[in-house]
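Ready for a few exercises in reading a structure? Have a look at the sequence and the 3D view, then work through the tasks with us.

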Amino acid sequence: MRILGISAHYHDSAATLLVDGMPVCAVQEERLSRHKNDASFPIAAIEWCLERGGLGPDELDAVVFYEKPMLKFERILTMALRGFPRTWHSFPRAMKNALGGKLWIKGIISSQLGVRANRILFAEHHQSHAAAAFLTAPTRRAAILTADGVGEWTTLSLGRGSVDDSGAVTLELLRELRFPHSLGMLYSTFTAYLGFPINEGEYKVMGLASYGKPTFEPQVRKMVRRTADGALVLDLSYFEFHEGARRSFSDRFITELGPPRDPLEPIDLATPEGARYADIAASVQRVLEDILVDLARSLKRETGLDDLCLGGGVALNGCANARILRESGFRNVYVPCAPGDAGCALGAALVADRLHFRQPHQEVPDHPYWGPQIDAQELSRVASEDGLELEELPRESELIDRVASELVRGRIVGWMQGSTELGPRALGNRSVLAAPHSVRMRDKLNRSIKYREEFRPFAPAVPIEHAERFFELPPGGARLGRFMSGVFPVRREWHDRLAAVTHVDGTARVQTVDRKMAPRFHALLEAYGALTGIPVLLNTSFNLAGEPIVNRAVEGYSTFRRSGIDLLVAGQAVVSKPRAAQVAPEAVA
Amino acid sequence: MRAEPSTVDLLLVPLHRWVWADVDRRARKLLRFSETEADGARDITRAAELTRDATLRRLYLRHADDEQRHAVLFRRRGRELFDSSRARVFEANWLAPGERGLDDLDVGSESDETLLAFLHLSEKAAAGRFVVYEKVLDCDPQTRAMFARILEDEEFHMSYTRKQLARLAPRRCGLRLWQARAGRLWKAYLRIATALAALLGTVMLAVQYFVILPLFALLAKRAARREPEGFSRSRAGVTLESQY
């Protein structure tokens, strides 16, 4: 069977192609369109997937959209009615938005791809999340917890999945929490309150939380109440997001916590105002973690299973994931490489294959590298045209030794290998790498490459075999670190020598690198370890602020030229920073 | 190539003077300019990535660097001013929009020639406006000096885009510029038409909201009150054919 999965129109649209039960490729639209968090219909991603699979649209057995548009519209309309007359301002906008396109997905897919309407299917949003988490994890039986802002109506679901010996899949969502009561929306409201963009700034809230104390926890707990059955209810008098207002928090919210941060105002943690923002971030983080741990514990008691699969945007919260692993009783916690909406394209395709068409389950390769391949020739071409120093190092060991020695010299390396990652993390194929030892390196990266807030930490990558030496990993922690999904303490004795990747609270969002998953990256870490005694590298996504992670070599090249990256590696090609190749303005202007 | 303000901008000098007189408004405008410049840098970088012409690529990268540097300058100065004033004032972005970036141009679908023509006109318009800003900022020498510095880059951008267009399309240079002018006019028309259509749509939907919805709203509120708290059972037996 040939199935195309699509997610679109909220944030991070993506496409996946599944052939005979196995993913062939998957890519987010932003990597091709070069618009960060591109939510538009992913036509470029679809075209690339079909080209990669060597298929025409007419050869597809099914195209699956990741949610049910009519059900979503029902929610939007119902919320407008419930909020009458306060929703008068948002109603026209919501209707124009839905009726102007988002509602007519079947027609859009049919007209854009020329696929017959009866081949277009619709999974449920949280079913797609659940499938993306469970059916890509190396387990046959697991509890499932998905949480995000909102899908159609569902904001959080609890369930379980199993695969029997014949490969038949059961995916059972037992119960769900419905909009407007939403953990994701709670966190996003605080994200907006703290002056960060929703769906993008949540990482910043998590990073900021480490600088604060949860002194506002009582106030946050007033906003979210637990019910007798273990669910949660938001006190809607603190919020306005459910009424579609431009602001997601209410005046009462401000009365409780003080004035919101102006997005244009920088955060200075040395000031009382900066400290207040950090304390508020710490408070909402604490409440989120407590609720998630409690939900996971109840799921453990109910299912008695050893494994938990987490899905939805909330599963990107590495601090919460680590606490769930430590405190919920589950032996393993699996978070896919793309737990957010981008991964739903894969999830929806798997739902169609395993549940709708009842195809036997096949284990999905346990890696995140589903996107376009790097073309080293492209880098060679542009570098030679620009007269840069280019080296081709065909011998693997030569390449690894060269890059490792440059890293030891304190140089920053843009590292592009193989296929681009699916999901928000750069996991060694589109990464910026640097020595992790000094705070100076962290500041240099913040200043000359990432141009981002100082309170945001950088992540370390370490071969899985050495992870325990540097980080305090609970049982199952190494697995959670596979896709950089958990935040764990750095061992105290390494704080000083891993200063660039140790956050203010002594933790790090570690990536544990498996040789089988990323052999070249693993070899580089080992080579660096052989030279320094510490096989750990700082690994941050290969992009500049406001841009998506690079995809093609030429995009890596332009990023390299515009930033403080010293060395660019694509495949076997190595380019050094230009010295005499600057454009002479007078020659051309 | 020297930048000159357009007649409209010259006529609007008193207005620009009023807009830039207030410190908080100035700070916010500079911070918005910073975002526009950063957006512009991204678009021009994309152009550098897509062009097959090595000279253009180098120039675009330099141009993107300049825009990024301007973004930093605007941000830094905006923050300095922002720290010195916290009063909230009307920003008047419509009255003095500054740069419009690349006008939502789809860089990927443009040829080198059309992109250069478009860039030339955009830079020329922005440079002309910056001349006016420089003129009206006698109350703030620091910001004025910053505009003067940025203006030098803008003049270089105007100049290189014109020269490169002449290199790539020696015979069609004028035509491309006129096409770009027409494109800008068309985009301005589209902006106005879209805004007008959106306004009409909003009015019609708002009328329907107040005329048709009240009864249904009553029913929806009653149903919401009856909804139990906490978890609901997940839907079962829904097929993938259904959009509900």
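The exercises below go through a predicted model, each with a worked solution.

**Exercise 1. The overall form of chain B**

Task: Describe the secondary structure of chain B and set its radius of gyration against that of a compact globule of 244 residues.

Solution:
- Start with the elements: chain B has 7 helices and 1 strand.
- Next, put them in sequence order, which gives α-α-α-α-α-α-α-β.
- Now turn to the dimensions. The C-alpha trace of chain B spans about 70 × 45 × 35 Å along its principal axes.
- Compare the radii: chain B has a radius of gyration of 24 Å, whereas a compact globule of 244 residues would have one near 18 Å.
- Then check burial, where 39% of the 244 residues of chain B count as buried.
- Finish with the contacts in chain B between residues at least 6 apart in sequence: 82% of these join residues at least 24 apart.

**Exercise 2. Where the chains meet**

Task: How many residues does each chain bring to the contact between chain A and chain B, and which elements of chain A take part?

Solution:
- Count the two sides: chain A gives 51 residues and chain B gives 48 residues.
- Now list the elements of chain A that each supply at least two residues to its side. Among them are helix 3 (69–82), helix 4 (90–102), strand 8 (169–178), helix 13 (341–356) and helix 20 (553–562).
- Sort the chain A side by residue type: 28 are nonpolar, 6 are polar and 17 are charged.
- Look for strand pairing across the chains. Strand 8 of chain A and strand 1 (residues 232–233) of chain B run antiparallel and are joined by 2 bridges.
- Pick out a bridge to place this pairing on the model: A:Glu176 has B:Ser232 as its bridge partner.

**Exercise 3. Helix 20 of chain A and one of its residues**

Task: What do the buried residues of helix 20 of chain A pack against, and is A:Phe560 buried or exposed?

Solution:
- First, consider the helix as a whole: 9 of the 10 residues of helix 20 of chain A are buried.
- The buried set includes A:Ala553, A:Tyr557, A:Phe560 and A:Arg561.
- Now find their surroundings. Within chain A, these buried residues pack against helix 14, strand 15 (413–416) and strand 23 (567–570). From chain B, helix 3 (23–50) and helix 4 (54–84) also pack against them.
- Zoom in on A:Phe560, which lies in helix 20 of chain A. This residue is buried because 31 C-beta neighbours fall inside 10 Å, and the cut-off is 20 or more.
- List its contacts: leaving aside neighbours within four places in sequence, A:Phe560 touches A:Gly414, A:Ile565 and A:Leu568.

**Exercise 4. The pairing of strand 11 of chain A**

Task: Why is strand 11 (residues 307–311) of chain A described as largely enclosed, and which strands pair with it?

Solution:
- Begin with burial: 5 of the 5 residues of strand 11 are buried, so this strand is largely enclosed by the rest of the structure.
- Recall that side chains in a regular strand alternate between the two faces of the sheet.
- Apply this to the strand. A:Asp307, A:Cys309 and A:Gly311 point one way, A:Leu308 and A:Leu310 point the other way, and all are buried.
- Find one partner: strand 6 (residues 141–147) of chain A pairs with strand 11 in the parallel sense over 4 bridges, with A:Ile144 bridged to A:Cys309.
- Find another: strand 12 (residues 332–334) of chain A runs parallel to strand 11, with 3 bridges. Here A:Asp307 has A:Asn332 as its bridge partner.
- Trace the link from strand 11 to strand 12 of chain A. The chain passes through helix 12 (residues 318–327), and this β-α-β crossover is right-handed.
- Extend the picture through strand 6 of chain A, where 6 of 7 residues are buried. Strand 6 runs antiparallel to strand 7 (residues 154–163) of chain A, over 7 bridges. These two strands form a hairpin with 6 residues between them.

**Exercise 5. A residue in helix 2 of chain A**

Task: Which residues does A:Ala44 contact, leaving aside its neighbours within four places in sequence?

Solution:
- Locate A:Ala44 in helix 2 (residues 43–53) of chain A.
- Check burial: A:Ala44 is buried, with 20 other C-beta atoms within 10 Å.
- Name the contacts, which are A:Glu29, A:Leu32 and A:Ser33.
- Add a distance: the C-alpha atoms of A:Ala44 and A:Glu29 are 6.5 Å apart, with the two residues 15 apart along the chain.

Conventions. Residues are numbered from 1 along each chain as its sequence is written. Chains are lettered from A and ligands numbered from 1 in the order in which they are written. This is a predicted model: local features need pLDDT of at least 70, side-chain atom pairs count only at pLDDT 80 or more; totals for chains, interfaces and linings use all residues. Two residues are in contact if their C-beta atoms, placed from the backbone, lie within 7 Å. Ala, Val, Leu, Ile, Met, Phe, Trp, Tyr, Cys and Pro count as nonpolar, Asp, Glu, Lys and Arg as charged, and the others, Gly among them, as polar. Two strands pair if DSSP finds at least two bridges between them. A residue is buried if 20 or more other C-beta atoms lie within 10 Å of its own, exposed if 12 or fewer, and partly exposed in between; C-beta atoms are placed from the backbone. The radius of gyration is taken over C-alpha atoms; the globule rule is 2.2 Å times the number of residues to the power 0.38. A crossover is right-handed if, with the strands pointing away from the viewer, the path from the first strand over the helix to the second runs clockwise.
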